[in-house]
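Reader: Please show the sequence and the structure. I will then ask about single residues and about the fold.

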Amino acid sequence: MKEYARTFYKGKKWRECSAAYMASKQYVCERCGGVAVICHHRRHITPANITDPNITYNWGNLEALCQDCHNKEHMQKNTKIIFDDAGQVEKVKDGAQVRDFKQACNHIDALLSKFDRVESP
Ligand SMILES: [Zn+2]
Ligand SMILES: [Zn+2]
């Protein structure tokens with residue numbers, strides 16, 4: 001995470017704001033209906049707008065997303081996925097993004113397995 005964002009996301013005000021927002025959405029991903037784990041800013045946070053409460057704490061600018069949809073949202077800009085004729089991924093540009101994506105997938109797998117343990121009788 002970028003340094004200017006770290007301070008913001010650790011702040012009490014953001015944690016309260018995002019928790020309230022996520023609860024209002026019942027932790028359901030607004031794009032796919034999965035389990036929302038991230039409170040995303042529709043207009044991404046930048047050093048220029050991070051002090052603007054109308055961006056950072058405005059529910060109209062927030063979106064409850066699952067890890068998958070959040071990855072897609074942030075990968076769009078920097079990552080190009082090239083498919084071959086069979087529809088398989090042939091080439092992915094930008095190795096760093098792919099590593100992050102794989103890490104995120106492992107993370108969600110870990111979360112889901114925990115979930116299974118809690119739910120099963
Ligand atoms: Zn989703
Ligand atoms: Zn985001």
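Reader: Which residues is C66 in contact with, leaving aside its neighbours within four places in sequence?

Author: This is a predicted model, in which local features need pLDDT of at least 70, side-chain atom pairs count only at pLDDT 80 or more, and totals for chains, interfaces and linings use all residues. Residues are numbered from 1 along each chain as its sequence is written, and chains are lettered from A and ligands numbered from 1 in the order in which they are written. Two residues are in contact if their C-beta atoms, placed from the backbone, lie within 7 Å. Beyond the four neighbouring places in sequence, C66 is in contact with C29, C32, G34, V35, A36 and V37.

Reader: How far apart are the C-alpha atoms of C29 and C66?

Author: C29 is found in the loop between helix 2 (12-24) and strand 1 (38-41); helices (H or I, at least four residues) and strands (E, at least two) are DSSP runs, numbered from the N terminus. Along the chain, C29 and C66 are 37 residues apart. Their C-alpha atoms are separated by 5.3 Å.

Reader: Is C29 buried or exposed?

Author: A residue is buried if 20 or more other C-beta atoms lie within 10 Å of its own, exposed if 12 or fewer, and partly exposed in between, with C-beta atoms placed from the backbone. C29 has 21 C-beta neighbours inside 10 Å, and therefore counts as buried.

Reader: Which strand gives the most to the largest nonpolar core?

Author: A nonpolar core is a set of buried Ala, Val, Leu, Ile, Met, Phe, Trp, Tyr and Cys residues joined through C-beta atoms within 7 Å. The largest one has eight residues: C29, A36, C39, L62, A64, L65, C66 and C69. With three residues, the most given to this core comes from strand 2 (residues 62-65).

Reader: Of the residues of helix 2, how many are buried?

Author: Helix 2 has 13 residues and reaches 18 Å from its first C-alpha to its last. Helix 2 lies largely in the open, because the number of its residues that are buried is zero.

Reader: Which element has the lowest mean pLDDT?

Author: pLDDT is the predictor's confidence in each residue, from 0 to 100. The mean for the protein is 80, and 64% of its residues reach 70 or more. Where pLDDT is low, the predicted coordinates should not be read in detail. Strand 2 has the highest mean among the elements (97), and the lowest (58) belongs to helix 5 (residues 95-119).

Note on methods:
The expected span of a helix is 1.5 Å times one less than its number of residues.
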